Amino acid sequence: MARRYVIGLDYGTESARGVLLDVESGEQIASHAFPYRHGVMTAMPDGRALPPLWALQDAADYVEAAEAILSALGRGREIEGIGLGFTASSPLPATSEGQALSHHHPDQPHAYVKLWKHGAAQAEAEAINARGGAFLDNFGGKVSGEWLLAKAVQMAAEAPELWRETGRFIEAGDWLVWQLTRQETRSLGLAAYKAQYSAEAGYPTHLVPGLASRLAPPQRIGSPGGGLTQAWRERTGIAGKAVVAVAVIDSHVVLPAVGGVSDGCLVGALGTSAVYLVLGKDFRPLPPGIEGVAFDGSVRDLWCYEAGQAGFGDTLAWFVRAFPRSQDPAENFRLYNEEAARLEPGANHLLALDWWNGNRVPLADSGLSGLLLGLKTSTTAAGIYRALLESLCFGARSIYDLFIAGGFAIGRIILSSGLALNNPLLVQIMADVFEREVEVPEIDNPTAVGAAIHGAVAAGVVANYSEGSARFGARSFRRYRPYEEAASVYRVLYRNYRALCDSQPVRGAMHDLNRIVAGGLTQVSR
């Protein structure tokens, strides 16, 4: 009998990665990464600069990456299932047949994918929030400018002709499943968390003219989205059932790969941005400031509460790019981590806010920005780098505190990603700031492995996510325990971090800076 496999695809901000898993042994056989041709677009293909806070992608890059990865991993092999994790919310307009509008209008910004970090729809989000509605109850009373609804409102208002031409407004992950199967299948996870769908009320389509006809009912995660088409089989050389699962938010898809499949577990997926997921058997009212909750959208038969930081790994990446020690990015990180590790907590005389890409929780405001406090002529680059590390941990702790204040019993904290696995200084600071033991799963490519487990569930290779986690997921964990000496310093710094977060003048100054950059000088408060 031929060996059988499952494939997991992880679509991130800059590139896509895939893994090939053996069905019988559960082991990773191979992996393959592919960078997007156009990357994150802050300018149009013809060189025209986009306005501030815009961040687009070209949907054609996703197809190119899928062909390259599926061919590299699947050619000549019996593939049982294929799963996808996709960065979100990253919606795009498409025709009713599924063709991206950017294919027809390459010179129109609104025809492209609006990447999750596209912050130019924040004003539309604030207008939605001001109107209110029951659909906001499971989302802390507000939507983010990063999510689908605000981006739909922005497109309909600023590009009405393109909006009229739009047959479907669809998350990029759902769109890619459509390309692979020729069946339009929406994901419950993407619909619930990023478009405020509920089984009782559906989508809140009253906010945008014609939005109802541009969406579709979703399927719960682990459902088949369809089989890989014959055309794709010929392009990639894949044989077997090749059932394609519905797409999953990339930060959620990691859960079964890292053991996050049980009640009372908090999983932090530390990527370009960071997402923190708390799983529960029973529904609890949403703690104030937490972004959202849904049932069956992340792990079947569990409620999953979501919160996150808009900037995480990309905050650190920005710093080492802006102040390099070496031409090799990996060497830059090694040098900065090595030097920052020699500093005692508080010795850098710095405190930072982690809002380089805005704030998701609890403010849902993409117009906020980073802050460094305590700069002196003795400040070093390594000191700033450590302050950024600490600020990311403070942001994570503030989210944890919201759950604890909401009465959640969190028995286990798991931090996942290559960043968590490869940056022990960051994880130790996290343990010190949380004053809790933190676990890091020892597994390569956890997001792609999680996607593969979703593919295995959809194809019937495993009966459920617990079985998939046991067969394909992490088999060992590193444990980081807090040091009291460090924790005592971080208590003081964290108290001041929270005070800065709560400062209306600080946030007002950040918004004034945005207005100046945008040219709205007359709107700047006096």
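A contact here means heavy atoms within 4.5 Å of each other.

**Figure 1. Overall view of the predicted model of the protein.** Among contacts between residues at least 6 apart in sequence, 72% join residues that are at least 24 apart. The secondary structure comprises 18 helices and 22 strands. The radius of gyration is 22 Å, close to the 24 Å that the globule rule gives for 526 residues, so the protein is as compact as a globular protein of that length. Along the principal axes, the C-alpha trace spans about 65 × 55 × 50 Å. Of the 526 residues, 60% count as buried. The accessible surface amounts to about 19,800 Å², and carbon and sulfur atoms account for 52% of that area. There are 46 positive and 54 negative side chains, and the centres of these two sets lie 1 Å apart.

**Figure 2. Close-up of the antiparallel strands β1, β2 and β3.** Strand β1 covers residues 4–11 and is joined to β2 by 7 bridges, the two strands running antiparallel. The pair forms a hairpin with 3 residues between the strands, and within the pairing I7 stands opposite L20 of β2. On to β3 (residues 28–35), β2 is again joined by 7 bridges in an antiparallel arrangement. Here L21 stands opposite Q28 of β3. The hairpin of β2 and β3 has 5 residues between its strands, and one of the residues in this hairpin, G26, takes a positive phi near 80°. Strand β2 itself, residues 15–22, is mostly covered, with 6 of its 8 residues buried. In a regular strand, side chains alternate between the two faces of the sheet.

**Figure 3. Close-up of helix α14, residues 424–434.** In this helix 10 of the 11 residues are buried, so α14 is largely enclosed by the rest of the structure. The buried positions run from L425 to F434: L425, L426, V427, Q428, I429, M430, A431, D432, V433 and F434. Included in this set are the acidic residue D432 and the amide residue Q428. Just after the helix, E435 takes a positive phi of about 55°.

**Figure 4. Close-up of helix α6, residues 172–181.** The helix is mostly covered, 10 of its 10 residues being buried. Two tryptophans, W175 and W178, are among the buried residues, as are A172, G173, D174, L176, V177, Q179, L180 and T181. Just after α6, R182 adopts a positive phi of about 60°.

**Figure 5. Close-up of A111 and the residues that it touches.** A111 is located in the loop between α2 (101–104) and β7 (113–114). Its relative accessibility is 1%, and the residue therefore counts as buried, the cut-off being under 20% relative accessible area. Leaving aside residues up to four places away in sequence, A111 touches P93, L101, S102, H105 and L162. L402 is 291 residues from A111 in sequence, and the two C-alpha atoms are 38 Å apart in space.

**Figure 6. Close-up of the cis peptide bonds at A88–S89 and V361–P362.** The bond joining A88 and S89 is cis, with omega about 10°. S89 belongs to the loop between β5 (78–86) and β6 (91–94). The peptide bond from V361 to P362 is likewise cis, and its omega is near 10°. P362 is placed in the loop between β18 (351–353) and β19 (371–373).

**Figure 7. Close-up of the loop residues L53 and N445, which have positive phi.** L53 is not a glycine, yet its phi is positive, at about 75°. This leucine lies in the loop between β3 and β4 (56–57). With a relative accessible area of 43%, L53 is partly exposed. N445, also a residue other than glycine, has a positive phi near 50°. N445 is found in the loop between β21 (438–441) and α15 (446–459). The relative accessible area of N445 is 18%, and the residue is therefore buried.

How values were computed: Residues are numbered from 1 along each chain as its sequence is written. This is a predicted model: local features need pLDDT of at least 70, side-chain atom pairs count only at pLDDT 80 or more; totals for chains, interfaces and linings use all residues. Side-chain values use heavy atoms; hydrogens and water are left out. Helices (H or I, at least four residues) and strands (E, at least two) are DSSP runs, numbered from the N terminus. The radius of gyration is taken over C-alpha atoms; the globule rule is 2.2 Å times the number of residues to the power 0.38. Buried means under 20% relative accessible area, exposed over 50%, partly exposed in between (1.4 Å probe, protein chains only). Accessible areas come from the Shrake-Rupley method with a 1.4 Å probe; for residues, only the protein chains shown count as cover. Lys and Arg count as positive and Asp and Glu as negative; His and the chain ends are not counted. The place of a charge is taken as NZ of Lys, CZ of Arg, CG of Asp or CD of Glu. Two strands pair if DSSP finds at least two bridges between them.
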